[in-house]
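Colleague: Could you take one part of this model and go through it closely with me? I'd like to see how that part connects with its surroundings.

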Amino acid sequence: MTLSKTSDRGDEATVDSVFSSRYGQSSLPKYRLPEKEIPKDAAYQTISDELMLDGNPRLDLASFCTTWMEPECDKLILQSLNKNYIDMDEYPITTELQDRCVNMIAHLFHAPLGDGQQAIGASTIGSSEAVMLAGLAMKRKWQLQRKAAGKPYDKPNFVAGSNVHVVWEKFASYFEVELKNVNLREDFYIMDPEKAVELVDENTILVCTTFGSTYNGEFEDVKKLNDLLDKKNAEHGWNVPIHVDAASGGFVAPFIYPDIEWDFRLKWVKSINVSGHKYGLVYPGIGWVVWRSKEELPEELVFHINYLGTDQPTFTLNFSKGTEDNHSIPS
Ligand SMILES: Cc1ncc(COP(=O)(O)O)c(C=O)c1O
């Protein structure tokens with residue numbers, strides 16, 4: 001075990017001495033490891049002083065990620081800071097709590113879940129990560145369908161308004177899917193569903209609709225998109241799905257406009273992402289992706305890891321934490 005060593009510091013052993021000690025008199029290299037170690041309190045003071053030059057998060061009104069949480073939340077976060085959550089066998093209660101969140105959100109978004117049926121989703125670092133998982137699942141599902149039909153599957157595309165969040169351009173680039181943009185026009189700053197459906201073809205893996213546009217907060221008309229797509233899918237025998245990017249609207253509409261149909265009440269909505277940190281009293285980063293049902297998440301994307309004890313099915317990128325689909329839940 002590595003222990004911090006402070007015993008050879010003689011009379012410089014208190015924090016108070018940090019500024020007057022020899023550690024405060026010579027500078028440390030910025031980009032290389034120093035030749036010699038320094039005591040932990042001197043290291044702490046140096047870093048803490050440098051961090052003072054950052055802005056004050058409470059004064060940050062430039063982003064809509066909030067920077068204050070109730071003290072009880074701070075306490076819970078600190079209590080859990082030392083857990084390596086990815087080891088789900090070791091921290092089953094944390095896993096259970098995150099599964100409950102996914103289930104609550106899936107129900108809020110009207111996922112067609114049977115009694116006691118576990119929702120399918122993942123907790124992520126924010127909507128950006130959630131979008132990658134959702135897009136990837138739809139890309140793979142499309143590829144599998146095309147393969148099974150003996151058709152080419154090397155030119156996937158997706159349709160979105162040009163107001164789409166930049167993360168979708170990232171998805172297009174990272175996962176090699178062409179982005180077909182629906183241009184905005186004067187006095188209409190969200191995606192026009194009619195123009196979107198015109199762009200759909202047999203290589204379309206999804207239509208992304210933004211529910212709460214990043215630029216003006218406006219909701220796109222998901223119901224109209226669903227109905228137009230339903231018609232086009234039926235005409236061509238396609239199954240082009242809708243993903244709703246509800247990063248900024250997913251926790252507004254269910255409470256303030258419960259009658260707007262934008263979620264799993266609509267047939268072609270197969271996955272939804274939502275951010276947790278855009279609505280107040282929640283630090284970044286937290287977001288979720290939820291799928292309509294298990295069928296929307298190709299089994300081959302779910303990896304089974306067992307080296308930490310039990311079987312852990314995971315469909316994650318970096319920080320995301322998928323729900324465990326191997327048990328039912330009390331209804
Ligand atoms: C529509 C939309 N999608 C995705 C994102 C990315 O969200 P996050 O910051 O949670 O990664 C945002 C953020 O502004 C957004 O407005």
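Modeller: Just after helix 5, Glu176 takes a positive phi of about 55°. Helices and strands here are DSSP runs numbered from the N terminus, with H or I over at least four residues for a helix and E over at least two for a strand. Please keep in mind that this is a predicted model, in which local features need pLDDT of at least 70 and side-chain atom pairs count only at pLDDT 80 or more, while totals for chains, interfaces and linings use all residues. Residues are numbered from 1 along each chain as its sequence is written, and side-chain values use heavy atoms, with hydrogens and water left out.

Now for the helix itself. Helix 5 covers residues 166-174, and Val167, Trp168, Phe171 and Ala172 are its buried residues. Buried means under 20% relative accessible area, exposed means over 50%, and partly exposed is in between (1.4 Å probe, protein chains only). Viewed down the axis of helix 5, these buried residues fall within an arc of 150°, so they line one face of the helix. That arc is taken from the directions that run from the helix axis to the C-beta atoms. On the face turned away from the buried side, you will find the exposed residues Val166, Ser173 and Tyr174.

What do the buried residues of helix 5 pack against? Their partners are helix 4 (127-148), strand 2 (157-161), strand 3 (178-182), strand 4 (204-210) and strand 5 (242-245). Contact here means heavy atoms within 4.5 Å.

Let's follow one of those partners. Cys208 sits in strand 4 and is buried, with a relative accessible area of 1%. Leaving aside its neighbours within four places in sequence, Cys208 touches Trp168, along with Val159, Ala160, Val164, Met191, His243 and Asp245. Its C-alpha atom is 5.9 Å from that of Val244, although the two residues are 36 apart in sequence.

On the way into helix 5 there is another residue to look at. Asn163 lies in the loop between strand 2 and helix 5, and it is buried, with a relative accessible area of 1%. The side chains of Asn163 and Glu220 make a polar contact at 3.0 Å. Such a contact is a pair of N or O atoms within 3.5 Å; within protein, one must be able to donate a hydrogen and the other to accept it, and residues adjacent in sequence count only if both atoms are side-chain atoms. Beyond neighbours within four places in sequence, Asn163 is in contact with Leu184, Tyr189, Ile190, Met191, Ser213, Tyr215 and Glu220.

Asp245, one of the residues in contact with Cys208, takes us to the ligand. A polar side-chain atom of Asp245 lies 2.7 Å from a nitrogen atom of the ligand. The protein covers 90% of the 400 Å² of accessible area that the ligand has on its own; such areas come from the Shrake-Rupley method with a 1.4 Å probe, and for residues only the protein chains shown count as cover. Ligand oxygen atoms have partners too: a backbone N or O atom of Ser127 is 2.7 Å from one, and a polar side-chain atom of Thr214 lies 2.9 Å from an oxygen atom of the ligand. Around the ligand there are 13 residues, of which Ser127, Ser128, Asp245, His277 and Lys278 come nearest. A residue belongs to this group if one of its heavy atoms lies within 4 Å of the ligand. By class, the shell holds two nonpolar, nine polar and two charged residues. Ala, Val, Leu, Ile, Met, Phe, Trp, Tyr, Cys and Pro count as nonpolar, Asp, Glu, Lys and Arg as charged, and the others, Gly among them, as polar.

Back to backbone angles for a moment. Asp187 has a positive phi of about 70° although it is not a glycine. This residue is in the loop between strand 3 and helix 6 (193-199) and counts as exposed, at 63% relative accessibility. His110, again not a glycine, has a positive phi of about 60°; with 38% relative accessibility, His110 counts as partly exposed.

To set this part in the whole, the protein has eight helices and ten strands, and 41% of its 331 residues are buried. Among contacts between residues at least 6 apart in sequence, 67% join residues at least 24 apart.
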